[in-house]
Each structure stands twice: as structure tokens, then as C-alpha cells.
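Student: Could we go through this chain together? I should like to start with the backbone and then turn to the side chains.

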Amino acid sequence: VRNVALVVILSRAGLGLDLIKVRQLSFTVAMLSVLPNLAETATDAALAVVLFGMPWAWAVALGFVMSAVSPAVIVPSLL
């Protein structure tokens, strides 16, 4: 059920984007999607290394997987 929900969220977010508006708001889109994604990835990776003793490469990959949904929720609500 969770995988289906993630697919629905990401599909609706991607199909609902208006490229003209995204280009007009490119700086705002970057500030609200890329920077929080990187911050969340860094936090998740650091916690995974400290709490679980994971190697940094795996911890960063885990951080990116965990933070992948945030831009899909933020950007469509911005437009």
C-alpha cells in the first residue's frame, strides 16, 4: 500500500507541473526543494552513521531515499 501511495504522489506531482511556471519560479523551486532535500539527507546520513554504525556511502544513499518525497509534496503546492 505504501509503494502505491508513493507512486501516486510522485506521478501526480510530475504530471501536474507547468514547465513555464517552474522556469519563472526556478530560484524559489530550488530553494524549496533542493536545499531541504540536501539538509534532510545530511541529517539522516549523520544519524544513520551514529545510531546504526553504517558506512557513509550507505548512510547518504539512505538519506536520499528518505528525503525523496519532500519535493514532490512541496513544489505542486507552490504552483
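**Helices, a buried threonine and a surface patch**

Tutor: G53, just after α3, has a positive phi of about 70°. Helices here are DSSP runs of H or I with at least four residues, strands are runs of E with at least two, and both are numbered from the N terminus.

Student: What kind of model is this?

Tutor: This is a predicted model, in which local features need pLDDT of at least 70, side-chain atom pairs count only at pLDDT 80 or more, and totals for chains, interfaces and linings use all residues. Residues are numbered from 1 along each chain as its sequence is written, and side-chain values use heavy atoms, with hydrogens and water left out.

Student: How many helices and strands are there in the chain?

Tutor: The chain has five helices and zero strands, in the order α-α-α-α-α from the N terminus.

Student: What does α3 span from its first C-alpha to its last?

Tutor: The 27 residues of α3 reach 37 Å, close to the 39 Å expected at 1.5 Å a residue. The expected span is 1.5 Å times one less than the number of residues.

Student: Which residues of α3 are buried?

Tutor: V29, S33, N37, T41, D44, A45, A48 and V49 are buried in α3. Buried means under 20% relative accessible area, exposed over 50%, and partly exposed in between, with a 1.4 Å probe and protein chains only.

Student: Why does T41 count as buried?

Tutor: T41 counts as buried because its relative accessible area is 4%. Leaving aside neighbours within four places in sequence, T41 is in contact (heavy atoms within 4.5 Å) with V60, G63, F64 and S67.

Student: Which side chain makes a polar contact with the side chain of T41?

Tutor: That partner is the side chain of S67, at 3.1 Å. A polar contact is a pair of N or O atoms within 3.5 Å; within protein, one must be able to donate a hydrogen and the other to accept it, and residues adjacent in sequence count only if both atoms are side-chain atoms.

Student: Changing topic, is W56 buried or exposed?

Tutor: W56, which lies in helix α4, counts as exposed because its relative accessibility is 52%.

Student: And how much area does the chain expose?

Tutor: The chain exposes about 5,700 Å², and carbon and sulfur atoms supply 73% of it. Accessible areas come from the Shrake-Rupley method with a 1.4 Å probe; for residues, only the protein chains shown count as cover.
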